Amino acid sequence: MAVIRHRCPPSNRVRRAATVVGAGLLAAVLGGCSGLGRTSVGIVAYDTDKKSHALVNSPPVKGCHRLGAEGAVALTNDTLVDLIAYPTADCSGKDSIYVATMTSDVVAPGAGPWKSYSFVH
């Protein structure tokens, strides 16, 4: 003999609770994708003209980042976000260079070092 089980439909209270929980999870996920406090996730590595090596771990995506007092003659972008390197300390100047994710670049012969960088977002 087969036993037939009947499931009672969920009550309105259960549905409302599920809706509230679902909305809260959606807000948390979407909030995590906002630009507030986002980091580049990875390492920006650079070398100075005096052969010193520096590593910056997961810098913020927003803002201008200085490359030390000496600047950088070689730069590696091992982050998840493309960046632009600038010849000035304030992320300005016409001789900037685009350094895509997981690539590197060196300054051209005769050119000065990069002094700052910002992320493309």
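This passage walks through a four-stranded sheet, the disulfide at its edge and a buried asparagine in a predicted model. Residues are numbered from 1 along each chain as its sequence is written, and side-chain values use heavy atoms, with hydrogens and water left out. Because the model is predicted, local features need pLDDT of at least 70 and side-chain atom pairs count only at pLDDT 80 or more, while totals for chains, interfaces and linings use all residues.

The sheet is a good place to start. Strands here are DSSP runs of at least two residues, labelled E and numbered from the N terminus (helices, H or I, need at least four), and two strands pair if DSSP finds at least two bridges between them. Four strands make up an open, antiparallel sheet in the order E3-E8-E5-E6. E3 and E6 sit at the edges with a single partner strand each, so one side of each has no neighbour in the sheet. From one strand to the next, the twist averages 30 degrees (axes are lines fitted to C-alpha atoms, for helices over the stretch in contact, and angles run from 0 to 180 degrees between N-to-C directions).

Strand E8 covers residues 116–119 and is joined to E3 by three bridges, the two running antiparallel. Within that pairing, Arg66 has Ser116 as its bridge partner, and His65 stands opposite Tyr117. On its E5 side, E8 is held by four bridges, again antiparallel, with Leu83 bridging to Phe119. As for side chains, Ser116 and Ser118 point one way from E8, Tyr117 and Phe119 point the other way, and all are buried; buried means under 20% relative accessible area, exposed over 50%, and partly exposed in between, using a 1.4 Å probe and protein chains only.

The edge strand E3 also carries one end of a disulfide, that is, a pair of cysteine sulfur atoms within 2.5 Å. The count comes to one disulfide: Cys64 and Cys91, with their sulfur atoms 2.0 Å apart. The pair ties together distant parts of the chain, 27 residues apart, with Cys64 in E3 (residues 64–66) and Cys91 in the loop between E5 (83–86) and E6 (97–99). The link is right-handed, with 95 degrees about the S-S bond. Its two ends are classed separately: Cys64 counts as partly exposed because its relative accessibility is 38%, whereas Cys91, at 17%, counts as buried.

Next along is His65, also in E3, which counts as buried because its relative accessibility is 13%. A polar atom of its side chain lies 2.9 Å from the backbone oxygen of Pro60. That falls under the polar contact rule: N or O atoms within 3.5 Å, where within protein one must be able to donate a hydrogen and the other to accept it, and residues adjacent in sequence count only if both atoms are side-chain atoms. Neighbours within four places in sequence aside, the contacts of His65 (heavy atoms within 4.5 Å) include Cys91, Lys115 and Tyr117.

Strand E4 (residues 74–79) brings in Asn77, which is buried because its relative accessible area is 0%. The Asn77 side chain reaches two backbone oxygens, that of Val81 at 3.0 Å and that of Val99 at 3.2 Å. With neighbours within four places in sequence again set aside, Asn77 is in contact with residues including Ile43, Val44, Leu83, Val99 and Met102.
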